[in-house]
Amino acid sequence: MNAELVADFEKRYASGTIIRAAFSQPAEGFFSTVLFGPSGSGKTTVLRCLAGLERPDRGSIRMAAQTWLDADAGIHLRPQARGIGFLFQDYALFPHLTAERNISYSLGQIPRSERRARVKKLMEMLGIAGLEARYPHQLSAGQQQRVALARAVAPQPRLLLLDEPLSALDAPTRQQLRQDLRATLAELKTPVVVVTHDPLEAVSLADQAVVMSDGQIRQKGPTHEVFSRPADPSVARIVGVETIEPGKILEVRDGLARVQVGTVELLTIATTFSVGPVYICIRGEEVTLERGQPPHTSARNRLAARVIALHPEGATVRVNLDCGFPLTALVTRPAAEQLNLAAGEMVIALIKAPAIHLVPR
Amino acid sequence: MDWTAARVTLELAGCTTLILFVIGLPLAYWAATTRRWWRVLVEASIALPILLPPTVLGFYLLLATGPHSPLGRSIERLTGELLPFSFGGILVGSVLYNLPFAVRPFTSAIAGIDRKLIEASWCLGISRLGTFRRVIFPLAWHGILTGLVLAFAHTVGEFGVVLMLGGDRPGITRTLSVSIYDSVQSLDYAAAGRTSLVLVLFAFAVLSATYALQRRVLPV
């Protein structure tokens, strides 16, 4: 059996709230699990339990051969003894230490020359070389994020725990760092558990997704599968992205990318991407359906689509389509009736270029 | 001015401050970080001397450590001296009486530190003691210093506990505040005035320094 992180525990609060989590993932090499859900869903509590900062009331956590938690046997390993790297949501850099001293904080046991070399290598790898002598308040949010990441990975942890790693950043920085982060994590070859409420972050960072709400796991599985095939409408509402498909950027010109998806080509906005494999993400409500020959439209992507199935959900109808790749549209019930939508019918699906989000694959 | 009393006063204040530093910091750390509900009871007990007259504490300590109590007798066997009317006696009284003046600034300084910084240090493998030394102390030092300065100054000005527990033994338990009382009793108003002026100036200097310290902001 390969070494695995196996977590199955329950944390109860005096208020009556119960947080339950059960999942496993490889404990060696780069593999990432995302705990995904709205705020208040309990995902950060799960992360804190993994770190040993919270003590679950029941269950167990095993990391490879080591028991981190066994509530029945009264075992609760201190955070210090778990060999983890924890990236806090607001980074929690030590305000009285320079960037360099923050990163080398845990390296007191290592000879000075080796310590310096390791810090230097990490700072170069994360693109923050030259900021050694700066204090946290002299760094931008993006730089703070990277210093905090360097500090977390400096002691070469066995498991990396990231709490909303990009949420404290402004949108352009976030988009840039989202791509960098996956590459960095893959290079470190460390297993990762990451908490986020941003679907694009989840899809770009994680191999496995665990969707949570109200302290419970709603669905878990390969990220791309969970996001493109939610198990039920409540999960679909949580993940918010109905279509996620692998694609390939064929060409980037004037900030627009031609992307091959299934048998068709889509036009999208590509600010920081170059030719290569990607995932395309489309929210159901961004897809417009039409019948017959539409007049001229600003929507750049017009696709002939066959209706596969209709799923009424209250005031809206979820429409599964085949347009060369599986596409899901969310339309209102009157619209569905007016268009006479039924399985097997042909329609035109319109998607504006900015509504197609690209994430690295 | 009574220089012997001045020496006793400084010795008492110095020892009190040192002891409060050693026992007050762990106490403050516990009070600032624990989630136990009975924390409020401990905090209230520590703060009691702020409201109680020093005679109450002095009275209970006299009873507890006098020759008629088991505790008093064992202390006498151990040290060869009863606690009341000794330097050790006024030291114990002054430590207890000054506890809130040290522990309360310590506690608020430690409680003011973002808990995530402490947790970040733990997650980086640093022990609780190491975290205290490398994160909490550097970030709370101005509060800790404020507490120590206040405790020192308050001990210098202490009267009730010292008189109750120490009596008035020159060179052993007679402090400056007690010597003022003596001077007034013997109608030597000039000596009382001189010593009082010294204490006023000292207290003023200390309070000015404390306020200056509180205004000081770390490069955060």
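Here is a short conversation about how the terms used for this predicted model apply to its two chains.

User: How do you know how far to trust chain B, and what are the ground rules?

Analyst: Happy to start there. This is a predicted model, where local features need pLDDT of at least 70, side-chain atom pairs count only at pLDDT 80 or more, and totals for chains, interfaces and linings use all residues. Residues are numbered from 1 along each chain as its sequence is written, with chains lettered from A and ligands numbered from 1 in the order in which they are written. On pLDDT, the predictor's confidence in each residue from 0 to 100, chain B averages 91, and 98% of its residues score at least 70. Among the elements of chain B, helix H6 (residues 115-123) has the highest mean, 97, and helix H10 (residues 189-215) the lowest, 89. The model as a whole has ipTM 0.82 and pTM 0.83.

User: What makes a stretch of chain A count as a helix or a strand?

Analyst: Both are DSSP runs numbered from the N terminus: H or I over at least four residues for a helix, E over at least two for a strand. Chain A comes to 9 helices and 21 strands.

User: Why is the radius of gyration of chain A said to agree with a compact globule?

Analyst: The radius is taken over C-alpha atoms, and the globule rule is 2.2 Å times the number of residues to the power 0.38. For 361 residues that rule gives a value near 21 Å, and chain A has 23 Å, which agrees. Its C-alpha trace spans about 75 × 50 × 40 Å along the principal axes.

User: Why are strands E2 and E6 of chain A called edge strands?

Analyst: Two strands pair if DSSP finds at least two bridges between them. In chain A, 5 strands form an open antiparallel sheet in the order E2-E1-E4-E5-E6. Strands E2 (18-26) and E6 (75-76) of chain A each have a single partner strand, so one side of each is left without a neighbour in the sheet. Strand E5 (residues 66-70) of chain A pairs with E6(A) over 2 bridges, which satisfies the rule of at least two. There, A:Leu69 stands opposite A:His76.

User: What makes the pairing of the sheet E7-E8-E9-E3-E10-E11 in chain A "mixed", and which strands are at its edges?

Analyst: In general, strands pair through backbone hydrogen bonds, either parallel or antiparallel. This open sheet of 6 strands in chain A has mixed pairing. Strands E7 (84-87) and E11 (216-222) of chain A stand at the edges, so each has one side without a neighbour in the sheet. One parallel pair is strand E3 (residues 32-36) with strand E10 (residues 208-213) of chain A, joined by 4 bridges. In that pair A:Val34 stands opposite A:Ala209.

User: How do you know that the two domains of chain A touch?

Analyst: Domain bounds come from an automatic or database domain assignment, which gives domain 1 (4-239) and domain 2 (243-360) of chain A. Residues are in contact if their C-beta atoms, placed from the backbone, lie within 7 Å. By that test, 12 residues of domain 1 of chain A are in contact with 9 residues of domain 2 of chain A. The domain centres, taken over C-alpha atoms, are 33 Å apart.

User: What makes up the side of chain B that touches chain A?

Analyst: There, 17 residues of chain B are in contact with 16 residues of chain A. H6 and helix H7 (128-156) of chain B each give two or more residues to that side of chain B, and H6(B) gives the most, with 6 residues. Ala, Val, Leu, Ile, Met, Phe, Trp, Tyr, Cys and Pro count as nonpolar, Asp, Glu, Lys and Arg as charged, and the others, Gly among them, as polar. On that scheme, this side of chain B has 12 nonpolar, 2 polar and 3 charged residues.
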